[in-house]
Amino acid sequence: MPRPGAFAVLVFLLGLGWLVPSSAAEDPPVPNTTRVPLPHPIADETYWYGVYQERGKVGWGVQELTLKGEGEDAIYLSRTKIEATLEGSGQRITFEFEALDEFRGVAPFELIRSRETRREGDSITHIALDREGAGYGARVTEGDEVRTRSFEDFDYTLADRLSHIHWAQQGPAEGDRIHIREFDITELTPDVYSYEVKQVRDAPAHGLRIRTYEVAMRSATKGGLGAALMGERGRVLRGP
């Protein structure tokens, strides 16, 4: 699954008719969230995926997670990059998204800082989020316009970011669901993502049987995000 901020950008593009829109938010934010324990240390990994529109593949994305340093100085670096060319309503737009998030490398693995750059056609936005005392400060730059904003500590960690992966690795059954705390850095808003298993399948692949999960995803602030197919290792194989 792309970084949550990438979902926010795609939701924005839905409003322009680039993709099929999902339902609007109808329910209040879900109060009870689960933070699946982080199996620290996590081995470095790189995960590539395609970006698809109705007519086929329109771009690509990559997620990387690396652990730098040791002990109290250790940092987890989470990088997301997406490039795509989208078409809709008789228009064609180039979309580029790159983000680098830094989480502390010791428990509770809290977010330290984030950098994000996104380009939608000729529009370019930069976001910088940093620790400021007991909270955070954000700086958003769009052209010549600069906005700043301060936050209290919103308690967002790498364990939250990866909880859906480690939940799927535990083998949930049909009907199981989990609500996970998120912070949408693109929109600078807290959120809760819900995952509900609609169907569990065992399919043959290269002589093995691979278990997959059809999962309905929902954002407390944006509504239904659609259905995703997750593998037994917790990775999103398709959608939303």
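The paragraphs below go through the confidence, helix α2, the nonpolar cores, the aromatic pairs and some single residues of a predicted model.

Residues are numbered from 1 along each chain as its sequence is written, and side-chain values use heavy atoms, with hydrogens and water left out. Because the model is predicted, local features need pLDDT of at least 70 and side-chain atom pairs count only at pLDDT 80 or more, while totals for chains, interfaces and linings use all residues. The pLDDT is the predictor's confidence in each residue, from 0 to 100. The protein chain averages 85, and 85% of the residues score at least 70. Helices and strands are DSSP runs numbered from the N terminus (helices H or I, at least four residues; strands E, at least two). Confidence is lowest in α1, at a mean of 47, and highest in β7, at 96. Over residues 10–29 the pLDDT is below 50; this stretch nevertheless has 42 contacts in the model beyond near neighbours in sequence, a contact being heavy atoms within 4.5 Å.

Helix α2 covers residues 158–169. The expected span of a helix is 1.5 Å times one less than its number of residues; for the 12 residues of α2 this gives 16 Å, and the end C-alpha atoms are 17 Å apart, which agrees. Of these 12 residues, 11 are buried, meaning under 20% relative accessible area (exposed is over 50%, partly exposed in between; 1.4 Å probe, protein chains only). The buried residues of α2 include the polar or charged Asp160, Arg161, Ser163, His164 and His166. At the start of the helix, a side-chain oxygen of Thr157 reaches to within 3.2 Å of the backbone nitrogen of Ala159. Just after the helix, Gly171 takes a positive phi of about 75°.

Helix α2 also contributes to the packing of the interior. A nonpolar core is a set of buried Ala, Val, Leu, Ile, Met, Phe, Trp, Tyr and Cys residues joined through side-chain atoms within 4.5 Å. In the largest one, of 22 residues, Leu111, Leu129, Phe151, Phe154, Leu158, Phe183 and Leu188 touch the most other members. Two or more residues each come from β6 (123–132), β7 (135–142) and α2, and the largest share, four residues, comes from α2. A second, separate core of 15 residues includes Ile178, Leu225, Ala228 and Met230.

The aromatic rings can be taken next. Rings of Phe, Tyr and Trp (its six-membered ring) pair if their centres lie within 6.5 Å; planes under 30 degrees apart count as stacked, over 60 as edge-to-face and the rest as tilted. By this rule there are nine aromatic pairs. Phe154 and Phe183 form a stacked pair, 3.8 Å centre to centre with 5° between the planes. Phe154 lies in the loop between β8 and α2 and Phe183 in strand β9, so the pair ties together parts that are 29 residues apart in sequence. Phe154 is buried at 14% relative accessible area, and Phe183 is buried at 3%. Trp167 and Tyr195 form a tilted pair, at 6.4 Å and 50°. This pair links helix α2 with strand β10, 28 residues apart, and both of its residues are buried. Ring pairs also link Tyr136, Phe151, Phe154 and Phe183 into a cluster.

Several loops hold notable backbone geometry. A cis peptide bond with omega of about 0° joins His40 and Pro41, and Pro41 lies in the loop between α1 (4–15) and β1 (45–53). Another cis peptide bond, with omega of about 10°, joins Ala107 and Pro108; Pro108 lies in the loop between β4 (91–104) and β5 (111–120). Asp155, in the loop between β8 (145–151) and α2, has a positive phi near 50° and is partly exposed at 35% relative accessibility. Leu188, in the loop between β9 (177–184) and β10 (189–205), has a positive phi near 55° but is buried at 7%.

Two strand residues complete the picture. Ile180 is found in β9 and is buried, with a relative accessible area of 1%. Not counting residues up to four places away in sequence, Ile180 touches residues including Asp160, Ser163 and His164. Gly50, in β1, is partly exposed at 28%. Leaving aside neighbours within four places in sequence, Gly50 is in contact with Lys57, Gly59 and Trp60.

Conventions:
Polar contact = N/O pair within 3.5 Å; in protein donor to acceptor, adjacent residues only side chain to side chain.
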